[in-house]
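Student: Got a minute to go through a model with me? I'd like to talk helices, rings and cysteines.
Tutor: Sure, put it up.

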Amino acid sequence: MDLNLVRTFLSVYRHQSYTLAANELNLTQPATSAAIKRLENEINKQLFIKKGRGIEPTSQAHYLANHFQIAVDTIELALESKHDFAVYCTESALYEITNIPNIQVLNQPHEQSLLFEHLKTRQVDLVIDTVTTKDTSLIIEELYCEPAVVICAKDHKTIQGTITKEMFYNARHIIYSARWNGLSGFEQMAKEPISQRDVALNTSSISSLAMLVSQTNHIGLISVSFAKKWSEQLNLQILPSPIELQEIPYHLIYHRRYLNDPKHKKLRQQIHQCFKKSMA
């Protein structure tokens with residue numbers, strides 16, 4: 001049985017109101033009512049009857065409430081004892097959070113919509129990324145911003161210490177393949193008209209991008225913190241972008257249900273402190 005149905009039932013049972021339960025669960029009233037209908041169909045029993053303008057639990061609802069609450073309390077106690085939070089983190093910021101205790105960093109889906117869906121369905125507790133949304137059930141906190149820079153091998157044949165717009169567009173590029181709303185990161189950040197780049201290779205990994213750039217005569221565009229982290233090991237040049245770009249914005253994204261949760265709040269504070277220290 002879906003645990004979310006059980007939680008929805010218990011909330012409706014406590015409040016004896018679909019509307020109040022929906023507000024508590026950050027759901028719509030029709031979604032709450034539909035969840036109760038699904039549960040009723042699953043057990044083939046009616047759980048609530050209309051009484052005036054409200055609803056009243058049936059005897060079956062009283063019976064289930066007692067047993068369900070014991071089961072939910074047991075499950076939540078087991079989860080509470082673990083103290084782990086599941087986190088999605090964009091690759092360019094990943095190394096900043098590796099020393100934070102009690103988090104489990106999961107393999108992040110490439111589709112932006114899945115990040116938000118997984119937050120809503122409790123598959124993940126927090127996202128650190130550059131994406132944003134207007135969904136009112138999700139809270140977005142600004143974490144930090146940083147510029148994007150051009151990287152190339154130290155022994156690049158034509159680029160040494162500086163890069164012009166002409167050199168930028170004449171070079172072959174290795175680009176990060178992720179797209180948001182149909183646009184690449186470069187297209188979203190550009191503050192001036194841009195030309196088509198000569199793309200040698202697309203990669204879904206920023207680490208792969210940096211390593212491939214270090215072994216070829218191509219260039220790439222990545223965040224300055226990631227570039228500085230690996231420039232020495234990979235023998236990379238770090239150059240200011242000759243194209244005027246907006247800074248890369250990083251956000252903490254989480255469901256509104258966690259806004260005042262003490263442990264989640266502490267985790268967010270730890271993450272803010274990590275990045276504040278790193279950016280100092």
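Tutor: Start with a helix pair: α1 passes α3 in a left-handed crossing. Keep in mind that this is a predicted model.

Student: At what angle do the axes of α1 and α3 cross?

Tutor: Roughly 110°. The axes come within 9 Å. Helix α1 covers residues 3-15 and helix α3 covers residues 29-43. The angle makes α1 roughly perpendicular to α3.

Student: Switching to rings. How many aromatic pairs does the structure hold?

Tutor: Nine. One of them joins Tyr95 and Phe226. Their ring centres are 6.5 Å apart and the planes stand at 55°, so the pair is tilted.

Student: Where do Tyr95 and Phe226 lie?

Tutor: Tyr95 is in the loop between β3 (85-89) and β4 (103-105). Phe226 belongs to helix α9, residues 224-234. The two parts are 131 residues apart in sequence, so the pair ties together distant stretches.

Student: Is Phe226 buried or exposed?

Tutor: Buried, because its relative accessible area is 4%, and the cut-off for buried is under 20%.

Student: What about Phe168 and Phe186, how are those rings arranged?

Tutor: Tilted as well: 5.8 Å centre to centre, with 35° between the planes. Phe168 sits in helix α6 (residues 165-170) and Phe186 in helix α7 (residues 185-189). They are 18 residues apart, and the pair links distant parts of the chain. Both Phe168 and Phe186 are buried.

Student: Which residues do ring pairs link into a cluster?

Tutor: Phe9, Tyr13, Tyr18, Phe48 and Phe68.

Student: And which arginines lie over a ring face?

Tutor: Arg257 lies over the face of Tyr258, 5.8 Å from the ring centre. Arg268 does so over Tyr254, at 4.2 Å.

Student: New topic. How many disulfides does a search of the whole structure find?

Tutor: Zero. Take Cys145: its nearest cysteine sulfur is that of Cys89, 15 Å away.

Student: Why is there no bond for Cys274?

Tutor: Because the closest cysteine sulfur, in Cys89, is 11 Å from the sulfur of Cys274, which is too far for a bond. A disulfide needs the sulfur atoms within 2.5 Å.

Student: How accessible are Cys145 and Cys274?

Tutor: Cys145 has 33% relative accessibility, so it counts as partly exposed. Cys274, at 26%, also counts as partly exposed.

Note on methods. Residues are numbered from 1 along each chain as its sequence is written. This is a predicted model: local features need pLDDT of at least 70, side-chain atom pairs count only at pLDDT 80 or more; totals for chains, interfaces and linings use all residues. Side-chain values use heavy atoms; hydrogens and water are left out. Rings of Phe, Tyr and Trp (its six-membered ring) pair if their centres lie within 6.5 Å; planes under 30 degrees apart count as stacked, over 60 as edge-to-face and the rest as tilted. Helices (H or I, at least four residues) and strands (E, at least two) are DSSP runs, numbered from the N terminus. Buried means under 20% relative accessible area, exposed over 50%, partly exposed in between (1.4 Å probe, protein chains only). A charge sits over a ring if NZ of Lys or CZ of Arg is within 6 Å of the ring centre and within 35 degrees of the ring normal. Axes are lines fitted to C-alpha atoms, for helices over the stretch in contact, and angles run from 0 to 180 degrees between N-to-C directions. Angles under 35 degrees count as roughly parallel, over 145 as roughly antiparallel, 65 to 115 as roughly perpendicular and the rest as oblique. A crossing is left-handed if the near helix is turned anticlockwise from the far one by less than a right angle, and right-handed if clockwise.
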